[in-house]
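Work through the following exercises with the sequence and the coordinates at hand. Each task is followed by a solution that proceeds step by step.

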Amino acid sequence: MYKGQSITVIIPCLNEEEGIRRVLEGMPEFVDEVIVVDNNSTDRTHDVASGMGAKVIRETVRGYGRSYKRGFANATGDLIVTLDGDHSYPVDAISYLLEAFLHLNVDFLNASRFPVRDRNAMSFKHKIGNLILSIAMSALYFRWVRDSQSGMWVFRRSILDRMRLVSDGMAFSEEIKIEALKSPHVRFGEISILYTSRLGEIKLNPWRDGLQNLWFLVKKRFS
């Protein structure tokens, strides 16, 4: 419980046994519920997470968005915080984000990874790809979003009822922000965080995922 609000943290994982241990070790005590969505991992992600007290839910159909939708369906907290299981997002910044969320009086807060302070956290190619996608999304939806691809957010669970989330893949990250921006009932904010190098195997395919996300932006805007 944080200042009268119950907190659920949702972490999608695909073969993140190394990173998820570090994430859960740093989880603040005020978090009421930690949901790890095991996206059909072949390593010990499930055993490590459950052994450290997380509620582990298996999603056998692989996909970033698919995992999040499974997690949302099982969340019970008033506020939902998300981050990846590779320890690249700062679990120790959850209280900082919650303070900003309450101070700004928003319904959805995006944690921007920019400016990237850790030179090893993101390649130049990824920085350019993220910039292109963020500019495209901002131009299509008439609202500047510094990091359209960030995977760390804080939002009120109640706003999920107003969202039409269809992506099962990496485009889910931009789609949930689009749905927040489109709704006249949702107040959107953004704040910078410290992003660091991930632990474990890199699963992102920059060209494939980047082009698919760009196409998704256009398709969603004009559909």
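The exercises below concern a predicted model and go from its sheet to its backbone angles and aromatic rings.

**Exercise 1. Lay out the open sheet: state the order of its strands and explain why β3 and β7 each have one side without a neighbour.**

Step 1. The sheet is open and holds seven strands, which follow one another in the order β3-β2-β1-β4-β6-β5-β7, and the pairing among them is mixed.

Step 2. Strand β3 (55-58) and strand β7 (188-192) stand at the edges, and because each has a single partner strand, one side of each is left without a neighbour in the sheet.

Step 3. On average, and with direction ignored, neighbouring strands of this sheet are turned by 20° against each other.

**Exercise 2. Follow the pairing through β1, β4, β6 and β5, giving the sense of each pairing and one pair of opposite residues for each.**

Step 1. In general, the strands of a sheet pair through backbone hydrogen bonds, and they do so in either a parallel or an antiparallel sense.

Step 2. Strand β1 (residues 7-13) runs parallel to strand β4 (residues 79-82), the two being joined by four bridges, and isoleucine 10 has threonine 82 of β4 standing opposite.

Step 3. Between β4 and β6 the sense is antiparallel, with three bridges, and here leucine 79 stands opposite arginine 156 in β6.

Step 4. Three bridges also pair β5 with β6 in the antiparallel sense, with phenylalanine 155 in β6 as the bridge partner of phenylalanine 108.

**Exercise 3. Determine which helices lie across the strands, and decide whether the side chains of β6 are buried or exposed on its two faces.**

Step 1. Helix α1 (residues 17-25) lies across β1 and β2 (33-38), and its direction makes an angle of about 170° with that of β1.

Step 2. Helix α6 (residues 172-182) lies across β5 (108-112), β6 (153-156) and β7, and runs at about 40° to β6.

Step 3. Both faces of β6 are covered, since Trp153 and Phe155 on one side are buried, as are Val154 and Arg156 on the other.

**Exercise 4. Locate asparagine 15 and histidine 87, and comment on their phi angles.**

Step 1. Most residues other than glycine have a negative phi.

Step 2. Asparagine 15, placed in the loop between β1 and α1, has a positive phi of about 55° although it is not a glycine.

Step 3. Histidine 87, which lies in the loop between β4 and α4 (94-104), likewise has a positive phi, of about 70°.

Step 4. With a relative accessible area of 19%, histidine 87 falls under the 20% limit and is therefore buried.

**Exercise 5. Classify the ring pair of tyrosine 2 and phenylalanine 30, then describe the aromatic cluster and the charges over rings.**

Step 1. The structure holds twelve aromatic pairs, among them tyrosine 2 with phenylalanine 30, whose centres are 4.9 Å apart and whose planes meet at 55°, so this pair is tilted.

Step 2. The two rings link distant parts of the chain, for tyrosine 2 belongs to the segment before β1 and phenylalanine 30 to the loop between α1 and β2, 28 residues apart; tyrosine 2 counts as buried at 13% relative accessibility.

Step 3. One aromatic cluster is formed by Tyr64, Tyr68, Phe72, Phe108, Trp153, Phe155, Phe172 and Phe188.

Step 4. As for charges, the charged end of arginine 113 sits over the ring of tyrosine 195 at 5.3 Å from its centre, while arginine 221 lies over the face of phenylalanine 222, 5.4 Å from the ring centre.

Notes
Residues are numbered from 1 along each chain as its sequence is written. This is a predicted model: local features need pLDDT of at least 70, side-chain atom pairs count only at pLDDT 80 or more; totals for chains, interfaces and linings use all residues. Side-chain values use heavy atoms; hydrogens and water are left out. Two strands pair if DSSP finds at least two bridges between them. Axes are lines fitted to C-alpha atoms, for helices over the stretch in contact, and angles run from 0 to 180 degrees between N-to-C directions. Contact means heavy atoms within 4.5 Å. Buried means under 20% relative accessible area, exposed over 50%, partly exposed in between (1.4 Å probe, protein chains only). Rings of Phe, Tyr and Trp (its six-membered ring) pair if their centres lie within 6.5 Å; planes under 30 degrees apart count as stacked, over 60 as edge-to-face and the rest as tilted. A charge sits over a ring if NZ of Lys or CZ of Arg is within 6 Å of the ring centre and within 35 degrees of the ring normal.
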